[in-house]
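User: Please take one part of this protein, the annotated binding-site residues and what surrounds them, and look at it closely for me. I'd like one connected account rather than a list.

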Amino acid sequence: MPPAASALATLPGDRNARLAALYEPIRSVVPPADWALFADDVEAILALKRERNAVVLAHNYQTPEIFHGVADIVGDSLALAREAMTVEADVIVLAGVSFMAETAKLMNPSKTVLMPDMEAGCSLAESITPEDVRLLRAAHPGVPIVAYVNTTAAVKAEVDICCTSGNAKRIVESLGVPRVIMLPDQYLARNVAAETGVEIISWAGRCEVHELFTAADVRELRDAYPGVTVLAHPECPPEVVAEADFSGSTAAMTDYVETRRPPRLVLLTECSMSDNVAVRYPDLDFVRPCNLCPHMKRITLANIRRALEENRHVVTIDPAVADRARLSVERMLAL
Ligand code: 13P
Ligand code: SF4
């Protein structure tokens, strides 16, 4: 394991100046004492990325020191899948959850994809098995099956097409049929059904983060913070989405903030999302009730560094599964 000091030596310029430049944009969301603890890992990761010709892909729910400190590519699930396809570096470190690392490997199979913590799962991905999908297909012959990207590669291999929260409406409409099966998120399915008028047969999965928001929360927020604009992720229950001013993927929320600049707003989603967006808009008043995703929070600077130092944990997918799963993701990206 190379000591941090040797890693620092490979980077040009003065250490303090480099770290100060990285810290400046996030000082409002990362206390100085925390940054002092992070700095060594940040410098080491920047050096290791050069040594190993690696990039870090980070989801919008990663903590600010990862998202703004060491990530090369950031975004929602759709953006990460798309961007993974065109990565030229030898190594991709996925700062996110396991299904995202699997998707990156599917889309760019010749690269080494590293997952800093293999236990970073997802309540949605864990809610359904390939066997469940086969039973659903048998129960509803001829009905196309759309899988949310928050599923394992083995489940993606059993379905007709994937979707993300950023394109679910478009994917369902593109099928041109009155009835589809959409799994595993029952709330996303109901939200898309309401938007499209398509009858959707869903599964009983739920995101353990977004299911906690309630319509009463939205009303209380409006009472407590007059004029607040409420943005809700479509994994929230339909009654929450109905009370919100806007619903969209994490990227769609970011775009909304960029284009509409609501003076006071709340993002009903994972906690780091507000931190990561807020640093770009210091003039906006972000109200901060949020829920932490315990899976996303398993990823830390320390385990990203260790992933690069020790080449762990290498993501592999059974080739028989991978070819069929890739097809489902490619059909989505083709739209
Ligand atoms: P998006 O970033 O695609 O909106 O997904 C949210 C999510 O919960 C990913 O785990
Ligand atoms: Fe899964 Fe929800 Fe966590 Fe996203 S936020 S990884 S959907 S549990």
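Analyst: A word on burial before anything else: a residue is buried under 20% relative accessible area, exposed over 50% and partly exposed in between, using a 1.4 Å probe on protein chains only. What you're looking at is a predicted model, where local features need pLDDT of at least 70 and side-chain atom pairs count only at pLDDT 80 or more, though totals for chains, interfaces and linings use all residues; side-chain values use heavy atoms, without hydrogens or water. Residues are numbered from 1 along each chain as its sequence is written, with chains lettered from A and ligands numbered from 1 in the order written.

Let's start with the cysteines. An unreviewed UniProt entry puts a "binding site" annotation on Cys122, Cys207 and Cys293. They are spread over 172 residues of sequence, yet no two of their C-alpha atoms are more than 9.2 Å apart, so they gather at one spot. Cys122, Cys207 and Cys293 also belong to the lining of the largest cavity (a cavity is a set of points on a 1 Å grid where a 1.4 Å probe fits but cannot get out, and lining residues have an atom within 4 Å of a point). As for the annotation itself, such entries may be inferred rather than shown by experiment.

Take Cys122 and Cys207 in turn. Cys122 sits in the loop between β4 (112-114) and α7 (130-139), with helices being DSSP runs of H or I of at least four residues and strands runs of E of at least two, numbered from the N terminus. With a relative accessible area of 10%, Cys122 is buried. Beyond its neighbours within four places in sequence, Cys122 is in contact (heavy atoms within 4.5 Å) with Phe99, Asn150 and His295. Cys207 is a loop residue too, found between β8 (199-202) and α11 (215-224), and it counts as buried at 9% relative accessibility. Ser123, Leu124 and Glu235 are what Cys207 touches once residues up to four places away are set aside.

That brings in the other annotated group. The unreviewed UniProt entry also gives "binding site" for His59, Ser77, Tyr148, Val149, Asn150, Ser165, His233, Pro234, Glu235 and Thr250. From this group, the largest cavity's lining includes His59, Ser77, Tyr148, Asn150, Ser165, His233, Glu235 and Thr250.

Glu235 makes a good bridge between the two groups, given that Cys207 appears among its contacts. Glu235 is located in the loop between β9 and α12 and is buried, at 6% relative accessibility. Skipping residues up to four places away, its other contacts are Leu124, Tyr148, Asn150, Asp185, Tyr187, His210 and Glu211. One side-chain pairing stands out here: Glu235 and Tyr148 make a polar contact at 2.5 Å (an N or O pair within 3.5 Å, where within protein one atom can donate a hydrogen and the other accept it, and residues adjacent in sequence count only through side-chain atoms).

Now for His233, which is in the loop between β9 (229-232) and α12 (238-243). His233 counts as buried, at 2% relative accessibility. With neighbours within four places left out, the contacts of His233 take in Tyr61, Tyr148, Ser165 and His210, then Val241, Ser247, Gly248, Ser249, Thr250 and Met253, and finally Leu268 and Thr269. So Tyr148 turns up both in the contacts of His233 and in those of Glu235.

The Ser165 link deserves its own mention. The side chains of His233 and Ser165 are joined by a polar contact of 3.4 Å. Ser165 comes from another loop, the one between β6 (161-163) and α9 (168-174), and at 18% relative accessibility it counts as buried. Leaving out neighbours within four places in sequence, Ser165 is in contact with Tyr148, His233, Pro234 and Ser249. Tyr148, His233 and Pro234 are themselves in the annotated group.

Ser77 rounds things off. Ser77 belongs to helix α5 (residues 77-85) and is buried, with a relative accessible area of 16%. Not counting residues up to four places away, Ser77 touches His59, Phe99, Met100, Val149, Asn150 and Thr164. Phe99 and Asn150 take you back to the start, as both are also in contact with Cys122. Asn150 is in contact with Glu235 as well, and Glu235 leads on to Cys207.

Terms used. 1 Å grid on protein atoms, 1.4 Å probe; cavity = no way out; pocket = protein on both sides within 12 Å on 5 of 7 lines; lining within 4 Å.
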